[in-house]
Structure formats: C-alpha cells, structure tokens
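Please look through the sequence and the model together before reading on. The paragraphs below start from the terms used and then move through the chain.

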Amino acid sequence: MWKDPEFNNELVFFALVDDLGPPSGDPTGQHLDIYRQINGTWQKINTIAPAPPNRPNYYSPEPFVYNGKSYIFFTAAAGGNGSTDADVWIAAIDPAAPLSRQVSASTPGKRFDPEVLILTGGPVIYYTENSSNGVRLLHRSATGL
C-alpha cells in the first residue's frame with residue numbers, strides 16, 4: 001500500500017491474483033488488481049496483465065513512484081521464479097494512462113528479483129539472471145520513463 005500522487009495522494013494497493021481457469025482448476029496465469037478507496041469502500045480500479053501468454057506467472061511485484069505517477073515492476077515467467085525463462089516488466093497503475101513495457105532483454109533468460117533505483121536521469125530496474133554456465137549476472141535496464 002502506498003500514497004499515489006495520481007489520486008490525490010490517497011492510499012492504493014495491489015493484489016497478485018491467480019486465475020483459476022477452467023473447471024479443472026488448472027491455473028491459466030496471474031494478474032495484478034489495483035484497488036483504491038472510493039466513498040469509504042475499496043474498489044478495483046485497474047487490472048494489469050501485460051505479459052505474453054507464455055509468461056503467465058508473476059513474481060516479485062513492487063510499486064514505485066516517479067514523476068508524479070505510480071508504477072509496478074515484476075517478473076513474468078513461464079514457471080517457477082528463477083527456474084524458467086522470465087522477463088522483467090513495468091506497468092502504470094492508472095487506467096487513464098496505460099503503460100506496460102518489458103524492460104529486460106528480449107532474449108531468453110532466467111531472470112528474477114527485480115529492484116528499482118531512481119537516478120537523476122530516471123528510474124532503472126536491476127535484476128538477477130542465471131546464466132547457462134551457472135554464473136549469476138546482475139543487469140540494469142532503462143525504464144524509458
């Protein structure tokens with residue numbers, strides 16, 4: 001939960017939601033629901049599900065505020081966190097100003113544990129990647145914000 005400048009510094013929060021899918025109960029993926037208190041009641045104001053179908057599992061979602069707007073960064077993976085190919089994404093929470101962007105490389109990689117760092121030139125996302133030879137790499141990606 002954090003104070004969102006786009007909504008008069010009111011508190012907002014997000015929930016990571018598992019889609020249960022068909023009656024078999026097989027998961028079909030995840031999404032992030034954004035909530036805001038309106039007239040004393042928490043109401044869903046947006047759903048974020050930008051990742052491609054081959055990356056239905058979201059990990060490590062965290063919010064950050066930059067330049068008067070709120071964003072969430074996370075990894076979108078084919079399977080378990082760090083054990084399958086994953087991409088790092090950012091998404092805006094305001095449904096009136098949608099934005100979703102992959103910030104990691106487009107090549108396959110086992111990426112996990114993203115973190116944001118706000119620099120004078122804008123925010124960057126750091127994340128870890130397991131290389132094919134077992135070396136753990138640290139990457140820095142521009143967000144384009």
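Helices (H or I, at least four residues) and strands (E, at least two) are DSSP runs, numbered from the N terminus. With that in mind, Thr128 can be placed in strand S10, which covers residues 122-130. The model is a predicted one, in which local features need pLDDT of at least 70 and side-chain atom pairs count only at pLDDT 80 or more, while totals for chains, interfaces and linings use all residues. Residues are numbered from 1 along each chain as its sequence is written, and side-chain values use heavy atoms, with hydrogens and water left out.

The chain holds zero helices and eleven strands, and its pattern along the sequence reads β-β-β-β-β-β-β-β-β-β-β. Of its 145 residues, 41% are buried, where buried means under 20% relative accessible area, exposed means over 50%, and partly exposed lies in between (1.4 Å probe, protein chains only). About 7600 Å² of the chain is exposed, and carbon and sulfur atoms supply 51% of that area; accessible areas come from the Shrake-Rupley method with a 1.4 Å probe, and for residues only the protein chains shown count as cover. Taking contact to mean heavy atoms within 4.5 Å, 37% of the contacts between residues at least 6 apart in sequence join residues at least 24 apart.

Next comes the pairing of strands, for which two strands pair if DSSP finds at least two bridges between them. Strand S5 (residues 57-66) and strand S6 (residues 69-77) pair in the antiparallel sense over eight bridges, and within this pairing Tyr59 has Thr75 in S6 as its bridge partner. The hairpin of S5 and S6 has two residues between the strands, and Asn67 there takes a positive phi near 55 degrees. S6 also pairs with S7, again in the antiparallel sense, over seven bridges, with Ile72 standing opposite Ala91 in S7. S7 in turn is joined by three bridges to strand S8 (residues 100-102), and these two run antiparallel; here Trp89 stands opposite Gln102 in S8.

How many residues of S7 are buried? Seven of the seven are, so S7 is largely enclosed by the rest of the structure. The cover extends to both faces, since Ala86, Val88, Ile90 and Ala92 on one side are buried, as are Asp87, Trp89 and Ala91 on the other.

Asp87 deserves a separate look. Asp87 belongs to strand S7 (residues 86-92) and counts as buried because its relative accessibility is 5%. Its side chain makes a polar contact of 3.0 Å with the side chain of Arg55, a polar contact being a pair of N or O atoms within 3.5 Å; within protein, one must be able to donate a hydrogen and the other to accept it, and residues adjacent in sequence count only if both atoms are side-chain atoms. A polar contact of 3.4 Å also joins the side chains of Asp87 and Gln102. Leaving aside neighbours within four places in sequence, the residues in contact with Asp87 include Phe74, Thr75, Ser104 and Arg111.

Two threonines can be followed in a similar way. Thr128, in S10, is buried because its relative accessible area is 14%, and, with neighbours within four places in sequence left aside, Thr128 is in contact with residues including Lys110, Phe112, Arg136 and Leu138. Thr143 lies in the segment after strand S11 (136-142) and counts as buried because its relative accessibility is 2%. The side chain of Thr143 reaches the backbone oxygen of Pro123 at 3.0 Å, and a polar atom of that side chain lies 3.3 Å from the backbone nitrogen of Leu145. Not counting residues up to four places away in sequence, Thr143 touches Ile90, Arg101, Val103, Pro123, Val124 and Ile125.

Finally, two loop residues can be set beside these buried positions. Asn9, in the loop between strand S1 (2-4) and strand S2 (10-19), has a positive phi near 60 degrees and counts as partly exposed because its relative accessibility is 47%. Asn39, in the loop between strand S3 (29-38) and S4, has a positive phi near 50 degrees and counts as exposed because its relative accessibility is 78%.
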